[in-house]
Every structure is written in C-alpha cells, then in structure tokens.
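Please examine the structure below before reading on. The dialogue that follows treats its features one at a time.

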Amino acid sequence: MSEYLPEAVRKGLEDARKAALRRSSRLCVHVGDEVYRINKMWDTGFSMDAEDAPHLRGQVEIYDGMRHVSRCLIVASTEESGEMLFEFKWNTPVSDRPALDYVQEREAPAGLLGYSF
C-alpha cells in the first residue's frame, strides 16, 4: 500500500512516527558533555535516529530523564530504516545505594521504638 502513496505523504508519515518515538521515550545516552535521545531500547542494545547519532563506541551512561539507569560499553552495529542500532558489550545497572558486604535478613525490623516510664 505504501508504494501508491505520494512521496510527500510517505515522508510526513515517517516524520510523525519519529516524533511519536521521541515523545514516548525519556531515555538518553550521555557521552561526555553530549546527550543523544534513544528511540527504543531492548536487552541487547538500543536505537537512535541515524541523522542525530554519531558512530558511538565505548563507555556511555544511559539516563531515564534525570535518573541514572546504567553504565554500558557499546558499539555501533548497523543502520536500518533511518535508525542507528547499537549493541551492548556489557550493560551494568546503577544502584542508588552502596553494595552491602553482609547478608541482610528479610524480616529485620525497620526501626526500634523506644519507650519511657
């Protein structure tokens, strides 16, 4: 069906699809001082607009809005349908608290209430 649409209509539909992807995703890649928006992300990689994305490789930080999500090592793999696809060599989630060096009991009390006489 898309073969019968005029070129202007096809371009308008593609631009609308890209705009919807940008609005729906808050994910972005930080490389030094540069920030690039992520269109889609899956377990083994992510995609960005080909015209906005340089051929990134190396260590990058992924953010969801202002929240730091993960630290990754990536390589640019392919370009298809106007998107640059990147693959993770490793992807480490970032925690908001330090790692524990002891086993934490599941049913430990949240706090101890004192009482006075």
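Q: How much area does the protein expose, and what share of it do carbon and sulfur atoms supply?

A: Accessible areas come from the Shrake-Rupley method with a 1.4 Å probe, and for residues only the protein chains shown count as cover. Here the protein exposes about 9200 Å², of which carbon and sulfur atoms supply 53%. The model is predicted: local features need pLDDT of at least 70, side-chain atom pairs count only at pLDDT 80 or more, and totals for chains, interfaces and linings use all residues. Residues are numbered from 1 along each chain as its sequence is written, and side-chain values use heavy atoms, without hydrogens and water.

Q: What percentage of the residues in the protein is buried?

A: A residue is buried under 20% relative accessible area, exposed over 50% and partly exposed in between (1.4 Å probe, protein chains only). Of the 117 residues, 25% are buried.

Q: In what order do the elements of the protein run from the N terminus?

A: Helices (H or I, at least four residues) and strands (E, at least two) are DSSP runs, numbered from the N terminus. The order is α-β-β-β-β-β-β-β, with one helix and seven strands.

Q: In what order do the strands form the sheet?

A: Strands of a sheet pair through backbone hydrogen bonds, either parallel or antiparallel. Two strands pair if DSSP finds at least two bridges between them. In this model the seven strands form an open sheet in the order 2-1-5-6-7-4-3, with antiparallel pairing. Strand 2 (34–37) and strand 3 (40–42) are the edge strands, each pairing on one side only.

Q: How many bridges join strand 3 to strand 4?

A: Three bridges join strand 3 to strand 4 (residues 45–49). Trp42 has Gly45 of strand 4 as its bridge partner.
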